[in-house]
Amino acid sequence: MMRKNYYQKLAFMVILLTILLAFQKYTSKDKGTFPEVKFIANSSVSANLSDFDPNSLNQEQWQKLGFSEKQITTILKYKDIVGGTFTSKEQLKKCYAISNEKFEELKKFILLPETAEKNNPKKFSSFVKKEVIVNGKFNPDIVSAQDWIKMGFSERQAEAIIKYKNYLGGSFISKEKFRECFIISPENYSKLEPYLLLPVKTPESFKAVGTRYPEKIKVQYHTFDPNRLDVNGWKNLGFSEKQAQIIINYRDRNLRGNFKSPEDLQKCFVISPEKFQEIKSFIRLSPEAIKKEEIKQEKTDFTKTDLNTITFRQLIEFGLDEKSSGSIIGFRKKLRGFVNKQQILDTYNIDKDLVQKLINIAPLDISGVPKYTLADAPEEWLKDHPYFKYSADKIIFYRITYPDDKKILKFLKLKPEYEERMKLYLK
C-alpha cells in the first residue's frame with residue numbers, strides 16, 4: 001500500500017515537471033520581431049509658412065498651422081493666463097498643447113524674442129535683440145540719436161540717452177555719470193567703457209542741471225487785494241505756478257471765495273511765515289469787494305443746474321461736505337463727463353442719501369461728453385479713462401489688426417458689467 005502511494009506521488013511530480021518545462025519552452029519561444037512603430041505626424045506645413053505673430057492669430061489661422069480645435073482652445077486659454085499676450089518664444093514653448101517637434105518646426109517663423117525683456121515684458125515690437133557694436137573711440141557728448149541707433153540701441157533708448165545728457169547739462173561729464181544712465185545696461189556699459197572719451201571720475205563741483213534750483217528773484221511788492229488775484233497775479237508776487245494755484249483753490253474752496261483777513265492768508269500752507277511777513281504790509285482787503293461777492297452768491301436753482309457743469313461751491317451749497325463734493329468733481333473730470341446719474345451715485349466717498357436727492361431734481365446734459373470707437377479713440381484718453389485704462393494696451397494692440405469694435409471687445413473677454421461700462425462712452 002505504501003509502495004503504491006509512493007509511485008502515485010512520483011508520477012504526479014513527473015507530470016508537473018513536464019507541464020512546467022512545456023510552459024517554459026512555449027513562453028521563451030521566439031515570437032518574431034514586430035515592425036518598428038512610427039507615429040504619423042501631421043503633414044508638415046513649414047513649406048507654406050511665413051513669419052507670423054502668435055498674438056494676432058485667430059482660430060482658423062492656428063488650424064492652418066496644423067493644430068486641432070482642442071489644441072487651439074488650450075493655446076488661447078494659455079495666452080489669457082499669461083496676460084493676453086505671448087512675450088517670448090520661450091513662453092510659447094511652455095504651452096503643453098505645442099509639442100517640442102511642432103515648436104521646432106514653427107520656431108524660425110515666430111515673430112517674438114527668444115526670451116522676454118526683463119525691464120519691459122510687454123514690449124514685443126522688436127523681435128531680435130540687437131547687439132551693441134562700437135567701431136572706435138568716441139565722445140558720447142556729440143553722438144546723435146541716429147548714431148546711438150546705428151550702434152545698436154532702439155529709438156526709445158536713443159531718445160532716453162539724449163534726454164539724460166540734457167538733464168546733466170548737455171554733457172555726460174564722466175564715465176561714472178555715463179554709467180548711471182538707466183537705459184545703458186551693465187553689459188553694454190562694459191562694451192562701451194574702453195571707447196569712451198570721458199574722464200573716469202565726476203568733478204566734485206559738478207551739479208546736474210535737473211537738480212539746480214533757480215536763483216531767488218527779487219520781487220517788487222505793491223499793494224494788492226488777494227481776493228482779486230489770478231494765477232499770474234500770485235506769480236508776480238514770487239510764487240510758483242503750482243503754489244499760486246494752491247492759494248486760489250484754498251481761497252475758493254476752503255474759504256468760499258474770499259480771504260476775510262490777512263490771517264486767513266497766513267493759514268495757507270504754501271505761504272511760509274517769512275513770505276507772509278514780506279507781503280503782509282501790502283495786503284489791502286476791500287470790504288466792498290467782499291460785500292459784492294456775497295451779493296453775487298445767490299441761491300442756486302438746482303432744478304436747472306446741469307450735473308455735468310455743477311461746481312464744487314454749488315455742491316457745498318446743496319449740503320454736501322468737501323470730501324463728497326471733491327469726489328464727484330474729480331470722478332466727473334476723469335470720465336470727461338457723466339452719461340447717466342447712476343455713475344454719480346456710484347462715486348466713492350460720498351453721502352449717498354444727499355446725492356440721491358440731488359440727482360432726483362437736477363438735470364444731466366450728456367451732449368458735451370466725448371465718445372469714440374475703440375478703433376479711433378486717442379491713446380491718451382484710453383490710458384486715462386477709468387473704464388478703459390486697464391485694457392488700454394490690449395485695445396491699442398488688437399485694433400492694429402482688427403479695427404472693429406465688436407471683434408476687439410470679443411478679444412478683450414471682459415466681464416459683462418465692465419463691457420457695459422465701456423459701451424457708455426463708445427459711439
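How many of the 427 residues of the chain count as buried? The share is 36%, where buried means under 20% relative accessible area, exposed over 50%, and partly exposed in between (1.4 Å probe, protein chains only).

Before going further, a word on what you're looking at. This is a predicted model, so to speak of local features a pLDDT of at least 70 is needed, side-chain atom pairs count only at pLDDT 80 or more, and totals for chains, interfaces and linings use all residues. Residues are numbered from 1 along each chain as its sequence is written, and side-chain values use heavy atoms, with hydrogens and water left out.

## The overall picture

The chain has 22 helices and zero strands. Both kinds of element are DSSP runs, numbered from the N terminus: helices are H or I with at least four residues, strands E with at least two. Take the contacts (heavy atoms within 4.5 Å) between residues at least 6 apart in sequence: 56% of them join residues at least 24 apart. On the outside, the chain exposes about 29000 Å², and carbon and sulfur atoms supply 54% of that; these areas come from the Shrake-Rupley method with a 1.4 Å probe, and for residues only the protein chains shown count as cover.

## Two nonpolar cores

In soluble globular proteins, nonpolar side chains tend to be buried together. Here, the largest nonpolar core has 36 residues, and those with the most contacts inside it are Ile328, Val355, Leu358, Leu382, Phe388, Ile395 and Tyr425. A nonpolar core is a set of buried Ala, Val, Leu, Ile, Met, Phe, Trp, Tyr and Cys residues joined through side-chain atoms within 4.5 Å. Several helices supply at least two residues each, including α16 (322–335), α18 (352–361) and α20 (392–401). The top contributor is α20, with five residues. There's also a second, separate core of 21 residues, which includes Val134, Leu168, Phe178 and Tyr189.

Helix α18 is a nice place to zoom in. Its buried residues are Leu354, Val355, Leu358 and Ile359. Seen down the axis of α18, they fall within an arc of 130 degrees, so they line one face of the helix; the arc is that of the directions from the helix axis to the C-beta atoms. These buried residues pack against α15, α16 and α17. Valine 355 touches Leu320, Ile328, Ile344, Leu345 and Ile350, leaving aside residues up to four places away in sequence. Over on the other side of α18, Asp353, Lys357 and Asn360 are exposed.

Just ahead of that helix, in the loop between α17 and α18, lies asparagine 349. Asparagine 349 has a positive phi of about 55 degrees although it is not a glycine. Isoleucine 173, in the loop between α7 (155–167) and α8 (175–179), also has a positive phi, near 70 degrees. With 21% relative accessibility, isoleucine 173 counts as partly exposed.

## Rings and charges

The structure holds 20 aromatic pairs. Rings of Phe, Tyr and Trp (its six-membered ring) pair if their centres lie within 6.5 Å; planes under 30 degrees apart count as stacked, over 60 as edge-to-face and the rest as tilted. Two of the pairs are set out here.

| Ring pair | Centre to centre | Angle of planes | Kind |
|---|---|---|---|
| Tyrosine 387 and tyrosine 425 | 5.7 Å | 65 degrees | edge-to-face |
| Tyrosine 398 and phenylalanine 411 | 5.2 Å | 25 degrees | stacked |

The tyrosine 387 and tyrosine 425 pair links distant parts of the chain, 38 residues apart: tyrosine 387 is in the loop between α19 and α20, and tyrosine 425 is in the segment after α22 (416–423). Tyrosine 387 is buried at 11% relative accessibility, and tyrosine 425 is buried at 0%.

The stacked pair joins helix α20, home of tyrosine 398, to helix α21, home of phenylalanine 411, 13 residues apart. Tyrosine 398 is buried at 5% relative accessibility, while phenylalanine 411 is partly exposed at 26%.

Elsewhere, ring pairs link Phe138, Trp148, Phe153, Tyr164, Phe172, Phe178 and Tyr189 into a cluster.

Some rings have a charge for company. The charged end of lysine 102 sits over the ring of phenylalanine 67, 5.5 Å from its centre, and that of lysine 275 sits over the ring of phenylalanine 239, at 5.1 Å. To count, NZ of Lys or CZ of Arg must be within 6 Å of the ring centre and within 35 degrees of the ring normal.
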